[in-house]
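User: Hi! I've got this one open on my screen and would like to talk it through. Can we begin with the ligand?

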Amino acid sequence: AQIPLKYGASREGKRTDAAMQRWRENRFGQFIHFGLYSLAGGHWNGKYVEGAAEWIKGNARISDEDYEALTRQFVLPEFDAREWARIAKEMGVKYSVITTKHHEGFCLWPSEYTDYDVSRTPFGRDLLKEYVDAYTQEGIDVYFYYSIIDWNHPDWRSRVETVEDSLAFFRYCDFMNKQITELMTRYPEVKGFWFDGTWDKSVVKFGKITWDIEQLMHRLNPGIICGSRLRVDEKGARHFDTNGKLMGDYEQGWERSLPEKAPQNDWECVMTIPENQWGYQADWRGHIKSATEIIEMLAAATSMNGNFVLNFGPKGDGSLREEEKQMARKVGKWMQLNGEAIYGCVQAPLKPQKWGYYTRHRDNGFVYMVVCYQPVSGMLKVVLPTGSVIENCVVLGKEGMELKPEKSTKNEFVIPAPEVKDGFPYVIRLKLKEGDSVGNYVA
Ligand SMILES: C[C@@H]1N[C@@H](c2cn(-c3ccccc3)nn2)[C@H](O)[C@@H]1O
C-alpha cells in the first residue's frame with residue numbers, strides 16, 4: 001500500500017520532453033574525473049597507493065595541509081580543453097560529465113563560496129568554462145558531476161548526532177545550494193547534474209535536503225536532467241522512494257555494472273577502463289578493458305534502453321594518457337562505421353540470442369544485430385515474429401555484401417556469419433518486410 005510521502009518521487013513515469021529524449025538518443029557519454037587527486041596519480045611519497053586514485057587522501061592518510069599543498073602544483077602545462085573535446089568527438093560520445101567538485105572538495109571553477117578552487121592555483125583559470133566552451137563547440141552536451149561529500153568543507157558531516165552537527169550540516173547545505181545555483185547560472189549550457197556521495201548517514205537522515213536541491217534546479221532550469229542517486233526520501237529510502245517510485249529522471253545506480261535485463265526506467269551505466277580507477281592512477285593494475293569489451297558493453301546497454309558512459313582520468317599535467325587516446329581512436333573508428341546501431345536506438349522486442357545484442361532504431365525501422373560472440377557453427381540464429389520476412393540483410397561498412405538468410409523452421413532464420421578479421425564486433429542491419437509487428441512483438 002502506498003504511504004503519503006512529502007519528499008518522495010516528485011514525478012512519475014518516463015519523461016517525454018525533448019531534453020530527456022535527447023539524453024536517450026545520445027546513448028554514449030564520457031566521464032571526466034579531474035582534480036587535485038590527478039596530481040598524485042595514485043602514488044604518495046613515491047609509493048603506489050591501493051584503492052581508487054580519487055580517494056587517495058583517505059587511502060594514504062594524507063593530512064589536510066599536505067593534501068592542500070597540491071593546489072600549488074596545479075599548473076596544468078599540458079591542459080587544453082579543445083584537445084579533450086576533440087578526442088571525445090573522435091570517440092563518438094554525444095555527452096560528457098565532468099567532476100566540478102569531487103569528494104575532496106576542490107572546485108574546477110572560481111567559486112564565490114570557497115577559495116578551495118582553481119583561483120587559488122598557479123593555473124588560475126576557469127577550467128570549467130574552458131571545458132564547457134570546448135565541448136559545446138564540438139556539439140557534445142555537458143553535464144556536471146557534483147559530490148555532496150566534501151572532505152574539505154568544515155561544515156560537511158558524514159553523520160549528524162549533536163545540535164552542533166546539525167547547525168554545521170545545514171550551513172553546508174546552504175553552501176551546496178549556493179554552489180549549484182552558481183554552476184547553473186555561470187554555465188547555463190549545462191544539461192544536467194550527476195550527484196554522488198549521498199550514501200552517508202547525514203544525507204539519509206535529512207532526505208529533504210535532496211528534495212530541496214531538486215526543487216532548486218527545476219526552478220532555475222525546468223529541463224535539467226538529474227539521476228536517482230541524488231535523492232533520499234524522508235524515510236531514508238534512496239533512488240526509489242518508500243513507495244517504490246524512482247526519484248529522478250533515470251536509474252543512476254549502475255556504477256561499473258550492467259543490468260542483466262532491461263530495467264523499466266531510463267538508466268545509465270558509468271564504467272572505468274581498469275577495474276576501479278576514476279581519477280588518474282599512473283600504474284593501472286589488473287584487467288584493463290579493451291575497446292572491443294567497451295563496445296560490447298555499449299551495445300548491451302543500448303539493447304536494454306540504457307546509456308553508457310566511459311570514464312577518462314586526465315593526468316596531473318592536464319594531458320590525456322596514451323591508453324585513453326588509443327581507446328578513443330579504436331572506439332571512434334567503430335562508431336564511425338556502426339554508430340547508427342547505437343545513436344537513437346532502443347531495445348528491439350526480439351528474443352535475445354547468444355551471438356550478441358539486437359538494437360532497433362527509433363524511426364528508421366531497421367533492426368541491428370551487434371555480433372559480439374561469433375558462433376563456431378558460422379550460423380547466426382534469428383527468431384522473428386511469425387510471418388516476418390527479411391527483405392534485406394547487410395553488414396554495416398560492407399553494404400554491398402548482402403547476406404542470404406535461410407529459413408530454418410516456422411519463424412526461425414539462420415544467417416551465415418561473415419568472417420571476423422579485426423577482433424571487433426560487427427553489425428548486421430535487417431530490413432524486415434513492411435508492416436511486420438517487430439514494433440510491438442514481445443520476445
Ligand atoms: C562515480 C564514482 N563514484 C565514486 C564513489 C563510489 N564509491 C563507493 C562507496 C561505497 C561503496 C561503493 C562505492 N565511493 N565513491 C567514485 O570515486 C567515482 O566518482
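User: What classes of residue make up the shell around the ligand?

Analyst: Happy to help! By class, that shell has five nonpolar, three polar and four charged residues. Keep in mind that this is a predicted model.

User: And which residues are they, around the ligand?

Analyst: The residues around the ligand are His33, Glu54, Trp55, His102, His103, Tyr145, Trp194, Asp196, Trp199, Arg229, Glu255 and Trp278.

User: Which ligand atom does the polar side-chain atom of histidine 33 approach?

Analyst: An oxygen atom of the ligand, at 2.7 Å. On the nitrogen side, an N or O atom in the side chain of aspartate 196 is 2.7 Å from a ligand nitrogen. Glutamate 255 also has a polar side-chain atom 3.2 Å from a nitrogen atom of the ligand.

User: How much of the ligand's accessible area does the protein cover?

Analyst: The protein covers 70% of it; on its own, the ligand has 440 Å² of accessible area.

User: Good. How confident is the predictor, in pLDDT terms, about the chain?

Analyst: The chain has a mean pLDDT of 96, with 98% of its residues at 70 or more. For the complex, ipTM is 0.97 and pTM is 0.97.

User: Changing topic: in what order do the eight strands of the open sheet run?

Analyst: The order is 7-6-5-4-1-10-9-8, with parallel pairing. Strand 7 (225-226) and strand 8 (251-255) are at the edges with a single partner strand each, so one side of each has no neighbour in the sheet.

User: What joins strand 1 to strand 10?

Analyst: Five bridges do, between residues 28-32 and residues 306-312, and the two strands run parallel. As one example, phenylalanine 31 has asparagine 311 in strand 10 as its bridge partner.

User: How do strand 15 and strand 16 pair?

Analyst: Those two, residues 390-395 and 398-402, are antiparallel and share two bridges. Valine 395 is opposite lysine 398 of strand 16. Two residues lie between the strands of this hairpin, and glycine 397 takes a positive phi near 90°.

User: Last one, on aromatics: how many aromatic pairs are there?

Analyst: The count comes to 30. In one of them, the rings of tyrosine 7 and tryptophan 211 have centres 5.6 Å apart and planes at 65°, so this pair is edge-to-face.

User: Where in the chain do tyrosine 7 and tryptophan 211 sit?

Analyst: In distant parts, 204 residues apart. Tyrosine 7 is in the segment before helix 1 (18-26), while tryptophan 211 belongs to helix 9 (residues 208-220).

Definitions and conventions
Residues are numbered from 1 along each chain as its sequence is written. This is a predicted model: local features need pLDDT of at least 70, side-chain atom pairs count only at pLDDT 80 or more; totals for chains, interfaces and linings use all residues. Side-chain values use heavy atoms; hydrogens and water are left out. A residue is near a molecule or strand if one of its heavy atoms lies within 4 Å of it. A polar contact is a pair of N or O atoms within 3.5 Å; within protein, one must be able to donate a hydrogen and the other to accept it, and residues adjacent in sequence count only if both atoms are side-chain atoms. Accessible areas come from the Shrake-Rupley method with a 1.4 Å probe; for residues, only the protein chains shown count as cover. Ala, Val, Leu, Ile, Met, Phe, Trp, Tyr, Cys and Pro count as nonpolar, Asp, Glu, Lys and Arg as charged, and the others, Gly among them, as polar. Two strands pair if DSSP finds at least two bridges between them. Helices (H or I, at least four residues) and strands (E, at least two) are DSSP runs, numbered from the N terminus. pLDDT is the predictor's confidence in each residue, from 0 to 100. Rings of Phe, Tyr and Trp (its six-membered ring) pair if their centres lie within 6.5 Å; planes under 30 degrees apart count as stacked, over 60 as edge-to-face and the rest as tilted.
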